[in-house]
Every structure is written in C-alpha cells, then in structure tokens.
Amino acid sequence: MDPLFSPLRVRSLTLPNRIVMSPMTRRHSPAGVPGADVAAYYRRRADGGTGLVITEGIGIDHPTAVDCVKVPRLHGESALAGWRHVVDGVHEAGGRIVPQLWHVGPLWGAMSAVDPTPTPLRPSGLWGRVGRTGYPQRYLTWATTPTAAMTERDIEDVIAAYVRSARNAVDVGFDGIALHAGHGYLLDAFLWDATNQRTDHWGGDLRRRTNFPVEVVRAVRRAIGPDLPIFYRFSQHKQQDYTARIARTPDELAVILTALVEAGVDVLDASTHRFDQPAFDGSDLTLAGWAKKLTGAPSMAVGSIGLSKSLRENGIPEPASLDEMYRRLSDEEFDLVAIGRLHLADPALANTLRSGGPLPAFDRERHADVLF
C-alpha cells in the first residue's frame, strides 16, 4: 500500500490518508468572522481528497491573542456560526478538520500598527533576541520595547481562554484541537530562554519552562474529554530569530516533548523551514523523526514538501521530488505530512498525488489572493 494513502487513527479520529493541509494565516475574516468564502476555501481541499485540514491560526478568547482584525477568532456568536458553516462543508465533502488555536504573545504588533493600549503578553516582558527575522524594521522598535512580565493572573486568564476556545471548537463540531506552540508565539515563548527569564514556577531551567504549555495542554484535555485528539505545533526557529533553538540536544528536546505527551498531546507537529533537514549533529533524523523517536507519539513533518525552496528563501520555488518524503514516511520516521503552498496551487493536491499527476507550480504573486 502507498504509505501516503494508508489510514491513521488517533483517538476517535480516523484519517483516510497521511496528507494534511498545513495551517496558513490568511487574514480573510473581517471582524474575526469567517464567511462563505472561507468555508469554500477549506471545503475545496476536502473535496480534493486531503485527509485532514488544519485551519489557519484562530485567535483564542483573549484580548491580545491576535493583532489583526481580519484574523478569525473562535468566540462570539457570529464567529462560531461561521465556523459551523466551515466544519459542515468539510464534513459534507468527507473531510476532517481541526482548528489551530493561537495566541501571538510577544509578537503582538510586530507585523502592523496596533492599538498601543494593550500590553503584549510576554513571560518576562521580553520580545526575544533579534536575529534573522522577516519582520519589517519599521515595527521592530515598538515591538521590541520591554513590557511588564506576565502576572499569575495573566497566566490564569490565558489558560482559561484556551479552555473556552477549545470547548467552543467541540461545540462547533471540529474533529480535534491543534495548538500553535511554535515560532516564538506565546506557548513557545515560555520555552525559549530569550523570552522566559522568570525564576518562579513558570521559568528557570528547561523543565520549569515547560510548565506553562503543559498546563495549557492539561486544561484543554480536561475540557474536550478523552476522545478528540490534540495536535501540537512546535519549532526550534522563532519569528524573532530563525536560528533560535529551544533544545540543543535530543535529551533537551525529550524533556519538553515527553512532558507534553504525558499531559495529553497526541500528535507532534514539527515545524521546520525544510522538513528533511537533520535536527541535530550526528544523525540524519529530522525534527519530526526525533519527536517520534523520543516520545513514541505520532509526528507530522512540515516544511517545503514538494518544493525546491523554503518559505524564507528568495525566488520562485520549483516543484521538487517527493522521493525523500516517501522514503522517510515508508521508514515510519514520521506519520503525517503537512503541505502548505502546494495546497494553494492545487486544492485537489491529494487526488493529484494519488493519480501520479505532476506537482503544481507555486507562485507567491499568482497565489497570493488565495491567502489574502
């Protein structure tokens, strides 16, 4: 059997194949409410045979969760009604869909001008080390200015906001929950030593820096019950600095991921710029490969699958061979493959792959209207 089209069961969710539509921010929901166009966008991928759709990042029920009014939210009657329409359409097409719950944390205001009144939520009031970043320089002065560290009340409020949004997702009919905990956003900011310099229960050594994301996972698991799966996106790189790392060795990565799986995570979504790059010196294993090896949990690879260039490399990415992805999937190094840009170029990507058709070409300018 083609490993890409073998089924996979995670708790109560059965996926017909291993192809996942990777979450991609769209900023296409005025006032945070997804409309008919958003529903059609996701349904096209389900119609095209994709096994699982993970939505764009959705703001949790917290005032500083997201800093753009066109990013969808998962609270409020209008927004929830819009998501019911999205979910119903995907299900009618035979697909499965989970929402990616999102709090931008330290990165509030890094991409655009925002209301300066709210204080961005940062574990220690720090934006992080500025390294290789794609954020516009004109916003960095404001964004990198230190703020107050999060209080115990702030931490309690955010955990409660994740719980409310997770419950709303269940009520809407989603097939599970995905947590965006990479790229320097709030959950990830507690793991990174450049943004978490606390000395209390929520900071210090690596094990204590995992406490906040672990508590969020535990709270979400209690809220949604034992049947629905939790997907957890993590990364080494940050939007503040593409060269940043939360784990310098496999042992350090094990501290983080083992605690998360014990708390209730089912699938580890290892976000990288290129899925096939070795994660640590001395081994060919990718970040997704290490996640599975260290925890035994299913893992998902993502990053320029089927493309010759990563998102951060200049130029137009040409279609690239899928041989390396097939090899690693066949070897059970990871269990799922999340594909972003090729899903924009071809909504029926899964059916194209099943039929052996040519990979679509992705052109950012030509496909920008799909996202924005």
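Axes here are lines fitted to C-alpha atoms, for helices over the stretch in contact, and the angles between their N-to-C directions run from 0 to 180 degrees. Helices (H or I, at least four residues) and strands (E, at least two) are DSSP runs, numbered from the N terminus. The model is predicted, with local features needing pLDDT of at least 70 and side-chain atom pairs counted only at pLDDT 80 or more, while totals for chains, interfaces and linings use all residues. Residues are numbered from 1 along each chain as its sequence is written, and side-chain values use heavy atoms, leaving out hydrogens and water.

A good place to begin is the pair H4 and H7. Their axes come within 9 Å and cross at roughly 35°. This crossing is right-handed (the near helix is turned clockwise from the far one by less than a right angle; anticlockwise would be left-handed). Contact (heavy atoms within 4.5 Å) involves Ile155, Val158, Ile159, Tyr162, Val163, Ala166, Arg167 and Val170 on the H4 side, and Phe212, Glu215, Val216, Ala219, Val220, Ala223 and Ile224 on the H7 side. Sorted by class, these are 13 nonpolar, no polar and 2 charged residues. Here Ala, Val, Leu, Ile, Met, Phe, Trp, Tyr, Cys and Pro count as nonpolar, Asp, Glu, Lys and Arg as charged, and the others, Gly among them, as polar.

H7 itself (residues 211–224) has 14 residues and reaches 20 Å from its first C-alpha to its last, close to the expected 20 Å; the expected span is 1.5 Å times one less than the number of residues. Because 10 of its 14 residues are buried, H7 is largely enclosed by the rest of the structure. Buried means under 20% relative accessible area, exposed over 50%, and partly exposed in between (1.4 Å probe, protein chains only). Among the buried residues of H7 are Phe212, Val216, Val220 and Ile224. Their cover includes H4, strand E6 (177–180) and helix H8 (250–263). Just after H7 comes Gly225, with a positive phi near 85°.

H4 (residues 152–172) also meets H2 (residues 77–92): the two axes come within 9 Å and cross at roughly 50°. That angle makes H2 oblique to H4, since angles under 35 degrees count as roughly parallel, over 145 as roughly antiparallel, 65 to 115 as roughly perpendicular and the rest as oblique. H2 passes H4 in a right-handed crossing. Leu80, Trp83, Arg84 and Val87 of H2 touch Asn168, Asp171 and Val172 of H4, giving 4 nonpolar, 1 polar and 2 charged residues.
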